[in-house]
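Biologist: I am new to this one. Show me the model, and let me ask how each label is earned.

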There are 2 protein chains.
Amino acid sequence: MQPESYLTDDVINEFSKTLELFDISPSDSRLFTILFLNHQPMTLDEMSQTTGKSKTTVNTGIRNLSDLNLVKQVWKKGVRKDLYTTTDDLFQRFMHYYLDRWLSHTSMQKQSLSSIEDRINNRPQGELIEEKVKQMLVFHELLEKAFTQLKSTCQEITHTNPKD
Amino acid sequence: MQPESYLTDDVINEFSKTLELFDISPSDSRLFTILFLNHQPMTLDEMSQTTGKSKTTVNTGIRNLSDLNLVKQVWKKGVRKDLYTTTDDLFQRFMHYYLDRWLSHTSMQKQSLSSIEDRINNRPQGELIEEKVKQMLVFHELLEKAFTQLKSTCQEITHTNPKD
DNA sequence: TTTTACGTACAGTTTAAACTGTACGAACGT
DNA sequence: ACGTTCGTACAGTTTAAACTGTACGTAAAA
């Protein structure tokens, strides 16, 4: 459990807060940041030591982050342990993960709500709820529009800033 | 604990999922949706009954939602109990709450990181961490750019769709 | 003024999430 | 081949969040 310098610890705390906005757990955010700040890929044992968490916890954390394509495994010959490092194109990766969630969700919701709308229409008596469902549909259409626009904004941005 | 119809229950479940993307707790999302679907303002007791949660729970839930300006209290003469209803302009409200969080956060983070950068520069020996902090700053600048753009997109959208 | 009904503070309970330690199979080193 | 070291599955524990019931202050009703 080697103590980080105060300064490094501040950096970790600050950046983790941002990652939490992407709906990444505080614990996973911290792990990611530590990995990102490290100049070489890290082993599970190293991360366990640095985070002060058990190896099992770190292991599942790494799996979470890998699932989001935010962390990748690397090989280095002569090293037996698994080595992990953060993927590059931070901004692109995070936004991609993020926008994907929003867009796939809104798309699914639009479908669900339409099918509910159909069920309402098939009822003998139209329900008061119908108007509300319509509003929900509009809501999701607006969301979709907004985030689609954001997506293309991000593509423009990363085009001008290819390295982050 | 009057049972909702299956159909209404589906609507509640679906829409709640969307609200959770705005980082609203499942429980609060459900409460909001129920309130939104209701055709009249509701009392704490009614919401308690409909949600199946205790009055205390509903009370704190309503407070949370009020803090986010998603729910408002209304008066109706002759009715002694507090009445609550959802605010209109759903899309605008949610996006506002949401974008505010992102933008105020990124702005604060940029400040924090700059001040950390200064602390690094004042050190006798420049640290390896400096480069990483620079990357983080760029990251936040991109975030700010993206969400600022999204904000103006939303303003355009709500301008063409003033009623949602 | 007394009584009743409402909202909410608070302490305690339940439930879910995060985390740990042991144990075991697979891959490497000898 | 055997012994070691690694990653991870799993059961149990700790910790934090959600939730409940009682109790009390306040304001309306009688």
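Modeller: Start at DNA strand D. H4(A) gives the largest share of the surface near that strand, three residues. Keep in mind that this is a predicted model.

Biologist: What makes a residue count as near DNA strand D, and how many residues surround the strand?

Modeller: The C-beta atom must lie within 6 Å of the strand. 16 residues surround DNA strand D. The closest are A:Asp82, B:Ser27, B:Lys53, B:Ser54 and B:Thr56. At least two residues each come from helix H3 (44-51) and H4 of chain A, and from H4 of chain B. By class, the surface near DNA strand D has one nonpolar, eight polar and seven charged residues.

Biologist: Which residues are closest to DNA strand C?

Modeller: They are A:Ser27, A:Lys53, A:Ser54, A:Thr56 and B:Asp82, out of 16 that surround the strand. H4(B) gives the most to the surface near DNA strand C, with three residues. The classes there are one nonpolar, eight polar and seven charged.

Biologist: What relation holds between chain A and chain B, and how do you know?

Modeller: Lay chain B on chain A. The turn is 180°, the shift along the axis is 0.0 Å, and the RMSD is 0.0 Å. That is the relation of a two-fold axis. In chain B, the C-alpha nearest the axis belongs to B:Leu150, at 2.9 Å. Both copies use the same surface, as 100% of the contact residues of chain B recur in chain A.

Biologist: What makes two residues a contact, and how many residues of chain B are in contact with chain A?

Modeller: Their C-beta atoms must lie within 7 Å. By that test, 40 residues of chain B are in contact with 41 residues of chain A. On chain B, helices H1 (6-21), H2 (26-37), H5 (90-121) and H6 (129-160) each give two or more residues to this side. H6(B) has the largest share, 16 residues. This side of chain B has 23 nonpolar, 11 polar and six charged residues.

Biologist: Take B:Leu143. Is this residue buried or exposed, and why?

Modeller: The cut-off for buried is 20 or more other C-beta atoms within 10 Å. B:Leu143 has 24 such neighbours, so this residue counts as buried. B:Leu143 sits in helix H6 of chain B. The C-alpha atoms of B:Leu143 and B:Trp102 are 8.4 Å apart, though 41 residues separate the two along the chain.

Biologist: Now one whole chain. What is the order of helices and strands in chain A?

Modeller: The pattern is α-α-α-α-β-β-α-α. That comes to six helices and two strands.

Biologist: Why is chain A called more spread out than a compact globule?

Modeller: Set the value against the rule. The globule rule gives 15 Å for 164 residues, and the radius of gyration of chain A is 22 Å, well over that, so chain A is more spread out than a compact globule. Along its principal axes, the C-alpha trace spans about 70 × 40 × 35 Å. Buried residues make up 29% of chain A.

Biologist: Where do the domains of chain A lie, and how many residues of domain 1 touch domain 2?

Modeller: The domain assignment gives domain 1 (6-86) and domain 2 (90-160). Their centres are separated by 32 Å. Four residues of domain 1 are in contact with four residues of domain 2. On the domain 1 side, three are nonpolar, one is polar and none is charged.

Notes
Residues numbered from 1 in each chain as written. Chains lettered and ligands numbered in written order. Predicted model: local features only at pLDDT ≥ 70, side-chain atom pairs only at ≥ 80, totals over all residues. Helix = DSSP H or I, 4+ residues; strand = E, 2+ residues; numbered from the N terminus. Nonpolar A, V, L, I, M, F, W, Y, C, P; charged D, E, K, R; others polar. Buried ≥ 20, exposed ≤ 12 C-beta atoms within 10 Å, placed from the backbone. Domains from an automatic or database assignment. Least-squares fit on C-alpha atoms with pLDDT ≥ 70 in both. Rg over C-alpha atoms; globule rule 2.2 N^0.38 Å.
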